[in-house]
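The following account leads the reader through one structure, beginning with a ring and moving outward to the sheet and its helices. Please keep the sequence and the model in view while reading.

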Amino acid sequence: MRRKLPVLLAAALMLFNLWADSTPVSADVDNLKYAFPEPVILIDVGHGGIDGGTSFGDILEKDINLDISRRLYMLLRSHGYRTILNRTGDYALSDENRWLKSRSRHIRDLAQRKELSEEVPASIVVSMHVNWGRNKARRGPLVLHQNDGRSAFLATSIQNSLDTLYDSHRLPEVGEPFYLLRHVDSPAVIVETGFISNNEDRAMLTSKRGQQKIAEAIYAGIVQYFTVM
């Protein structure tokens with residue numbers, strides 16, 4: 001899959017408190033497709049509720065994802081972009097999935113995220129996550145994308161912007177095993193905003209100032225995508 005990455009990239013080229021008045025996604029999803037003209041940015045807030053994601057002590061990924069996503073949401077909205085958060089609080093999206101007959105909470109959660117991307121006219125899907133590694137020296141952001149030129153360009157735009165913030169140098173990667181990237185039709189990326197297991201990254205991920213900078217970097221990458229595409 002990594003061999004395809006240069007081809008995809010070549011083909012593609014290259015405060016927070018005010019958020020409280022936003023409407024929960026669970027309210028009348030069927031009408032959202034008529035309420036938001038194109039383009040619509042769907043922010044997929046990773047984990048939630050019983051699913052805390054990765055962790056470091058009492059620091060949970062689900063909380064970091066939500067904090068950064070809220071900030072990104074406010075940035076996008078303040079600049080006129082139609083934006084939706086699929087999780088506005090600490091709850092599991094699997095709890096909202098009453099249509100899929102599966103005993104797996106994990107599968108119901110992922111299916112609910114995918115379903116929302118189809119219910120609303122999502123131009124892009126940006127899924128927010130935090131990384132973890134056994135090697136505590138590993139650090140920096142990583143953006144995963146679909147095997148698609150538009151998704152690759154979106155990932156490259158966000159990766160470059162985050163690399164500038166973190167002073168890192170990585171290429172985005174094809175996220176072949178990931179359910180969301182395999183099942184969502186819109187251009188979609190998974191943004192691993194940093195390593196919770198790394199001291200330097202964790203300081204960025206957990207501070208308000210750091211979270212704002214990360215949100216601003218992702219915002220800049222999204223703007224670049226829409227400017228070119």
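**From an aromatic cluster to the sheet**

Phe226 has a relative accessible area of 21% and is therefore partly exposed. The model under discussion is a predicted one. Phe226 belongs to an aromatic cluster whose other members are Tyr81, Phe153, Tyr219 and Tyr225. A search of the whole structure yields 4 aromatic pairs. In one of them, the rings of Phe153 and Tyr225 have centres 6.0 Å apart and planes at 35 degrees, so this pair is classed as tilted. An angle under 30 degrees would count as stacked and one over 60 as edge-to-face. Because Phe153 lies in helix H5 and Tyr225 in helix H8, the pair ties together parts that are 72 residues apart in sequence. Phe153 is buried, at 0% relative accessibility, and Tyr225 is buried as well, with a relative accessible area of 4%. Tyr225 also pairs with Phe226, in an edge-to-face arrangement with 5.2 Å from centre to centre and 75 degrees between the planes.

The pair formed by Phe153 and Tyr225 leads to the packing of the two helices that carry these residues. Two packed helices are described by the angle between their axes and the distance between the axes. For H5 (residues 149-166) and H8 (residues 208-228), the angle is about 145 degrees and the axes are 8 Å apart. The crossing of H5 past H8 is right-handed. On the H5 side, the contact is made by Arg150, Phe153, Leu154, Ser157, Ile158, Ser161, Leu162, Leu165 and Tyr166. H8 contributes Lys213, Ile214, Ala217, Ile218, Ala220, Gly221, Ile222, Gln224, Tyr225 and Val228. Sorted by class, the residues of this contact comprise 13 nonpolar, 4 polar and 2 charged.

H5 also leads to the sheet, since the helix lies across S5, strand S6 (142-145) and strand S8 (188-195). Its direction makes about 20 degrees with that of S8. Helix H7 (residues 199-206) packs on the sheet too, touching S5 and S8, and its direction is at about 115 degrees to that of S8.

How are the strands of the sheet ordered? The sheet is open and has 6 strands, in the order S4-S1-S5-S8-S6-S7, with mixed pairing. Strand S4 (82-85) and strand S7 (173-174) stand at the edges; each has a single partner strand, so one side of each is left without a neighbour in the sheet. Strands of a sheet pair through backbone hydrogen bonds, either parallel or antiparallel. Strand S1 (residues 40-45) and strand S5 (residues 122-131) pair in the parallel sense over 6 bridges, and Val45 has Met128 of S5 as its bridge partner. S5 and S8 likewise run parallel and are joined by 6 bridges; here, Val126 is matched with Val189 of S8. The pairing of S6 with S8 is antiparallel and has 4 bridges, with Leu144 standing opposite Ile190 in S8. S8 is mostly covered, 8 of its 8 residues being buried.

Val45 also directs attention to Leu66, a residue with which Val45 is in contact. Leu66 is found in helix H3 (residues 61-78) and is buried, with a relative accessible area of 7%. Neighbours within four places in sequence aside, the contacts of Leu66 are Val45, Arg87, Thr88, Gly89 and Asp90. The C-alpha atoms of Leu66 and Arg87 are 7.7 Å apart in space, while the two residues are 21 residues apart in sequence.

Two loop residues complete the tour. Which value does phi take in His47? Phi of His47 is near 65 degrees, a positive value in a residue other than glycine. His47 is found in the loop between S1 and strand S2 (55-56). At 17% relative accessibility, His47 counts as buried, because the cut-off for that class is under 20%. A positive phi, near 55 degrees, is found for Asp167, again in a residue other than glycine. Asp167 lies in the loop between H5 and S7. Is Asp167 buried or exposed? With a relative accessible area of 63%, Asp167 is exposed.

Technical notes. Residues numbered from 1 in each chain as written. Predicted model: local features only at pLDDT ≥ 70, side-chain atom pairs only at ≥ 80, totals over all residues. Heavy atoms only, no water. Axes fitted to C-alpha atoms, helices over the stretch in contact; angles between N-to-C directions. Left-handed = near helix turned anticlockwise from the far one by under 90°. Contact = heavy atoms within 4.5 Å. Nonpolar A, V, L, I, M, F, W, Y, C, P; charged D, E, K, R; others polar. Pairing = 2+ DSSP bridges. Phe/Tyr/Trp six-rings, centres within 6.5 Å; stacked < 30°, edge-to-face > 60°. Buried < 20%, exposed > 50% of the residue type's maximum accessible area, 1.4 Å probe, protein only.
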